[in-house]
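Please find below a colleague's note on this entry, set out as numbered points. The comments concern strand pairing first and core packing afterwards.

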Amino acid sequence: MREQAWQRFRPSGRQRNGRRSAAASAAVVAVGVMTVGVLAPPAAFAATRPDTVQQGLSTLVRSDGLPGALASVKDREGRARTYTAGVGDLATRSKVPMDGQVRIGSNTKVFTAVVVLQLVGEGKIGLDATVDTYLPGLVRGKGIDGSAITVRQLLQHTSGLPNYTSYLGDDVRYFEPRELLDIALRHEADFAPGKDWKYSNTNYVLAGLIVQEVTKRPLAEEIDRRVIKRIGLRHTYFPAPGDATIREPHPKGYYQDSAGAPLLDVTEMDPSWGWAAGQMISTNSDLDRFFSALLAGRLLPAAQLAEMRTTVRTERTETTFGPGARYGLGLVSKPLPLSCGGGVYWGHGGSFPGYETRGGVTDDGRAAHVAVTVQLAGEAARKRVDHVVETALCR
């Protein structure tokens with residue numbers, strides 16, 4: 001789902017808000033305008049009718065001009081299927097790797113929120129304790145006071161903290177988390193804590209810093225120990241400092257400055273500017289497994305999972321996550337079409353230069369995630385990807 005910071009990456013020129021991305025000066029290779037590639041065959045059970053998910057991915061590649069798309073779907077019985085369309089490398093025309101790794105952007109927030117809520121369940125963090133309880137005196141600025149902001153408000157995006165990714169400069173380098181926070185604190189609060197809702201990556205940088213203060217361990221190690229290893233995610237990791245690569249087979253990620261412009265290879269970059277808000281790498285099938293385990297109660301006690309699923313909605317969610325979306329504690333609910341019985345599905349989504357992932361799971365065990373290899377630039381394109389997700393969940 002859309003985040004208000006990742007989607008405006010520009011390798012050259014100024015952003016609409018007058019800044020350039022932290023990755024703006026990254027070395028990129030122009031590979032020309034994309035063309036539709038050959039579809040890779042599905043890897044699991046055979047369909048008895050035209051497969052609507054495969055058709056949806058093929059349409060995204062053909063109609064939206066995406067280099068590649070890939071998906072993973074799990075039905076109510078636990079049967080899984082993976083899909084690909086397009087090409088994984090525009091220069092070599094190689095296929096999209098089946099269930100390849102991608103940068104998952106703000107899906108990282110859910111991993112961070114799970115660790116925070118585990119610590120809440122252990123009595124080490126209080127949801128309604130203030131930031132100053134754990135990081136005394138650290139969060140101060142114009143209209144900003146850490147003694148008035150709670151942990152719950154961080155996870156729920158109701159803190160009013162300015163979004164640091166709106167103010168990153170041109171440096172392509174490793175960022176310490178405290179640097180990211182300092183960038184945000186130079187700017188005025190968006191509103192008083194608890195008075196509104198606005199998506200801000202700064203909230204999750206602070207949540208990650210609180211985890212580190214409470215556990216005395218790096219956030220990446222806590223996510224690995226408490227989440228990744230606990231439920232057996234085999235292709236998910238938090239990149240080490242300075243690691244700009246993607247470890248396992250993956251489609252390349254591309255950026256297009258404007259319609260008809262050459263596609264630029266932005267696959268390799270230092271992702272530290274995302275940190276607790278957006279640094280991780282995973283696969284669609286691992287995301288299916290993660291969200292399924294989360295909703296099944298395998299990662300959180302019932303009380304903390306209920307808190308995570310307690311959502312708020314403001315008009316800003318309409319432009320951030322789509323109509324009808326509601327935000328909990330790092331978890332988003334979105335409505336399913338009435339044509340497939342209605343209800344909601346739960347997930348988050350992530351947008352990072354070169355990749356966009358969207359998807360979620362239902363309470364009855366269905367799961368679907370779709371990734372595309374261009375960061376989506378408009379609401380219409382995002383809605384079309386969401387439609388493929390909904391098609392998969394409604395089969």
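1. How many bridges join strand S15 to S16, and do the two run parallel or antiparallel? In this predicted model, S15 (residues 355-361) is joined to S16 by 6 bridges, and the two strands run antiparallel. Within this pairing, Val361 is placed opposite Ala367 of S16.

2. The connection between these strands deserves a look, since S15 and S16 make up a hairpin in which 5 residues lie between them. The turn contains Gly365, whose phi is positive, at about 105 degrees.

3. S16 also pairs with strand S2 (residues 68-74), again in the antiparallel sense and over 6 bridges, and in that pairing Ser72 stands opposite His369 of S16.

4. As for accessibility, S16 spans residues 367-372, and 6 of its 6 residues are buried. In a regular strand, side chains alternate between the two faces of the sheet. Here both faces of S16 are covered, with Ala367, His369 and Ala371 buried on one side and Ala368, Val370 and Val372 buried on the other.

5. Turning to the packing, the largest nonpolar core comprises 86 residues, and those with the most contacts inside it are Phe111, Leu155, Leu206, Phe290, Leu294 and Met308. Helix H2 (residues 108-121) gives the most to this core, contributing 9 residues. Leaving aside residues up to four places away in sequence, Phe111 touches several residues, including Ile104, Ile223, Met280, Leu287 and Phe290.

6. A second core, separate from the one above, has 27 residues, among them Leu60, Val61, Ala69 and Val372; Val372 is also one of the buried residues of S16.

Definitions and conventions. Residues are numbered from 1 along each chain as its sequence is written. This is a predicted model: local features need pLDDT of at least 70, side-chain atom pairs count only at pLDDT 80 or more; totals for chains, interfaces and linings use all residues. Side-chain values use heavy atoms; hydrogens and water are left out. Buried means under 20% relative accessible area, exposed over 50%, partly exposed in between (1.4 Å probe, protein chains only). Helices (H or I, at least four residues) and strands (E, at least two) are DSSP runs, numbered from the N terminus. Two strands pair if DSSP finds at least two bridges between them. A nonpolar core is a set of buried Ala, Val, Leu, Ile, Met, Phe, Trp, Tyr and Cys residues joined through side-chain atoms within 4.5 Å. Contact means heavy atoms within 4.5 Å.
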